[in-house]
Amino acid sequence: MKKIVISLLAVALGASALFAQPKEERPANPFWIGVQGGGLLSYNENCFSYKEVGKVGDLFSAQGSVSVGYDVTRRWGVRVNVNYGPKNAAANNSRQSGGGFYPYNFKSISAFLDAFWTLTDEFYKGRFVPRVYAGIGLGHTSDLTDSGHPWQRQFMTDPNNSFGFRFGFLCEYKVSDTFGIFVDFAGEGYTDNFNGLQPTKEEKKNSVDGYPGFPLDLRGVGSFGLALHF
């Protein structure tokens, strides 16, 4: 209990320090909300099988997000971003079961807390606002379709909860002080059960064909969005 109280006090003191920043260091409209959408590239175990059958394009799908952000100063800020992907792509291991192509899709909801850093203060005072960011979050996946793989029910889990992290770049064009348009590109990594398939330690240790042993499920996300500042 003592540790919890100390942690809460630390968070409260930190928040007080943030909001105590001189007003002239913050934009006139520090709060903002955004909506965005675009493409998603899924890169999980066995993605090689899409290439082998000439269906790399099926690794791409649509996604969309909503965000709430706060610019603590002109140089840095934070946001909470919630993303929905209706058709993430994955596949079961064809090399372990005598060949074949076993693709499947699944839905995802991801929530991230991102910290932004504006590249130059001069840009922020102008119309273009280029930023880099890093974030941590959680991913929830569900509704895995049937791949037809003979071992799917034995080795796959549904639903799944995964820890995630990401790095990205966002550039906004301020149409006015209250409205902007932006592009957002990010690379995301999730713990290995994100796609419902987590190779065992033995499979990774022995380099089972089709399982390179990489400990993360990956996604590339690109979006176009609209932001309202207030």
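Trainee: What distance, N to O, does the salt bridge between the side chains of Asp114 and Arg166 have?

Mentor: This is a predicted model, in which local features need pLDDT of at least 70, side-chain atom pairs count only at pLDDT 80 or more, and totals for chains, interfaces and linings use all residues. Residues are numbered from 1 along each chain as its sequence is written, and side-chain values use heavy atoms, with hydrogens and water left out. A salt bridge here is a side-chain nitrogen of Lys or Arg within 4 Å of a carboxyl oxygen of Asp or Glu. The side chains of Asp114 and Arg166 meet that criterion, with N and O separated by 2.5 Å.

Trainee: Which strands does the pair Asp114 and Arg166 link?

Mentor: Strands (E, at least two residues) and helices (H or I, at least four) are DSSP runs, numbered from the N terminus. The two residues lie 52 residues apart, in distant parts of the chain. Arg166 belongs to S6 (residues 160-174) and Asp114 to S4, so the linked strands are S4 and S6.

Trainee: Are Asp114 and Arg166 buried or exposed?

Mentor: The classes rest on relative accessible area: buried is under 20%, exposed is over 50%, and partly exposed is in between (1.4 Å probe, protein chains only). By that rule, Asp114 and Arg166 are both buried.

Trainee: Which parts of the fold does the salt bridge of Asp114 with Arg79 tie together?

Mentor: The closest N and O atoms of Asp114 and Arg79 are 2.8 Å apart. Asp114 sits in S4 (residues 103-118) and Arg79 in S3 (residues 76-91), so the contact ties together parts 35 residues apart in sequence. Arg79 is buried, as is Asp114. The strands tied together are S3 and S4.

Trainee: Why does Glu188 count as buried?

Mentor: Glu188, in strand S7 (residues 179-191), is linked to Arg219 in strand S8 (residues 216-229), 31 residues away. Their salt bridge has its closest N and O atoms 3.0 Å apart. Arg219 is buried, at a relative accessible area of 5%. Glu188 counts as buried because its relative accessibility is 4%.

Trainee: Which residues are joined into one network by salt bridges that share partners?

Mentor: The search of the whole structure finds seven salt bridges. Through shared partners, salt bridges build one network from Arg79, Asp114, Arg166, Asp184, Glu188 and Arg219.

Trainee: What kind of sheet do S1 to S8 make?

Mentor: Two strands pair if DSSP finds at least two bridges between them. S1 (residues 31-43) and S2 are antiparallel, over eleven bridges, with Phe31 opposite Tyr70 in S2. Running S1-S2-S3-S4-S5-S6-S7-S8 with antiparallel pairing, the eight strands make a closed barrel.

Trainee: How many residues are in the hairpin that joins S6 to S7?

Mentor: S5 (residues 128-142) is joined to S6 by 14 antiparallel bridges, and Leu138 has Phe163 as its partner in S6. S6 also pairs with S7 in the antiparallel sense over eleven bridges, where Glu172 stands opposite Phe182. The number of residues in the hairpin from S6 to S7 is four.

Trainee: Where is confidence lowest in the protein chain?

Mentor: Confidence is given as pLDDT, the predictor's score for each residue from 0 to 100. The protein chain averages 85, and 81% of the residues score at least 70. Residues 1-13 stay under 50 and have zero contacts (heavy atoms within 4.5 Å) beyond four places in sequence. Strand S2 (residues 60-71) is highest, at 98, whereas the lowest mean, 45, belongs to helix H1 (residues 2-19).
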